[in-house]
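Please examine the sequence and the model shown below. The paragraphs that follow lead through its nonpolar interior and then along one helix.

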Amino acid sequence: MTWHAAIATIMPDMFPGPLGHSLSGRALDQGLWTLSAIDMRDFATDRHKSVDDTPAGGGAGMVMRPDIVAAGVDAASALVPDAPQIYLSPRGEPLTQVLAHELAAGPGVMLLCGRFEGVDQRVIDARELREVSIGDYVLSGGEMAAYVLLDAVVRLLPGVIGAASSLDEESFENGLLEYPQYTRPRAWEGHSIPDVLLSGDHKKIAAWRRAQSETLTRTRRPDLINGKKALPTT
Ligand code: SAM
């Protein structure tokens with residue numbers, strides 16, 4: 001079965017959006033993955049198609065109603081019944097390359113995109129939604145987070161990237177950041193490509209790259225070395 005992304009949103013026109021371009025867009029055209037966007041407003045019960053209401057206990061903003069969100073989530077989940085059900089949320093576990101591999105290995109994903117101040121807690125609890133964050137900042141809606149998650153996952157699906165080895169050496173694949181990359185021209189604005197990369201000695205090149213990766217990771221992201229997690233094989 002083709003890997004499927006079912007998205008519960010109040011802005012279905014935002015999809016596929018940027019996912020319809022470049023690598024993910026070509027893969028979508030080729031049928032390597034499929035996408036459907038469920039409009040949660042279709043489940044609204046008033047003539048204004050409202051999906052939100054004032055927060056219990058007072059405070060600023062509006063909260064998405066559990067009855068309407070649950071109906072949207074159920075409709076989206078029915079399209080990918082055995083897939084993880086995710087609520088994109090700044091409070092969630094961080095999106096990592098490990099999670100991207102985990103999702104790519106499954107049948108697809110159901111993504112709930114919040115708006116306003118977020119969704120009523122009862123729907124998160126009742127549907128046992130897994131909360132996933134794309135970073136420590138607040139977006140105005142989950143749709144942008146869905147783009148990010150899906151882009152990270154779709155490029156891992158079989159057949160989407162030609163040479164699988166180009167994935168193996170990327171940042172996070174082995175718990176390290178990627179080494180610096182160079183291409184022609186050989187000299188540019190007085191800066192040359194490191195000699196070792198032009199030596200043709202593949203062992204030396206691999207050792208140089210590994211050392212660069214380790215230094216970069218130690219300096220910029222020591223947390224990756226300390227909290228190393230194994231990637232599942234997809
Ligand atoms: N009041 C919420 C809070 O403080 O945690 C923020 C709500 S935000 C304005 C609206 C929606 O954007 C959220 O329901 C969520 O779906 C999405 N969102 C915002 N930041 C996100 C992030 N870092 N990762 C994933 N989704 C995010």
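How many residues has the largest nonpolar core, and which of them have the most contacts inside it? This is a predicted model, in which local features need pLDDT of at least 70, side-chain atom pairs count only at pLDDT 80 or more, and totals for chains, interfaces and linings use all residues. Residues are numbered from 1 along each chain as its sequence is written, and side-chain values use heavy atoms, with hydrogens and water left out.

The largest nonpolar core (buried Ala, Val, Leu, Ile, Met, Phe, Trp, Tyr and Cys residues joined through side-chain atoms within 4.5 Å; buried means under 20% relative accessible area with a 1.4 Å probe, protein chains only) has 30 residues, and Trp3, Trp33, Leu111, Leu149 and Leu150 have the most contacts inside it. At least two residues each come from strands E1 (3–9), E5 (85–94) and E6 (108–113) and from helices H3 (97–104) and H5 (142–154); helices (H or I, at least four residues) and strands (E, at least two) are DSSP runs, numbered from the N terminus. H5 gives the most, with 7 residues. A second, separate core of 21 residues includes Met64, Ala70, Tyr87 and Leu129.

Helix H7 presents two sides. Ile205, Trp208, Ser213, Leu216 and Thr217 are buried in H7. Because they cover an arc of only 160° around the axis (taken from the directions from the helix axis to the C-beta atoms), they lie on the same side of H7. On the other side of H7, Lys203, Lys204, Arg218 and Thr219 are exposed, that is, over 50% relative accessible area.
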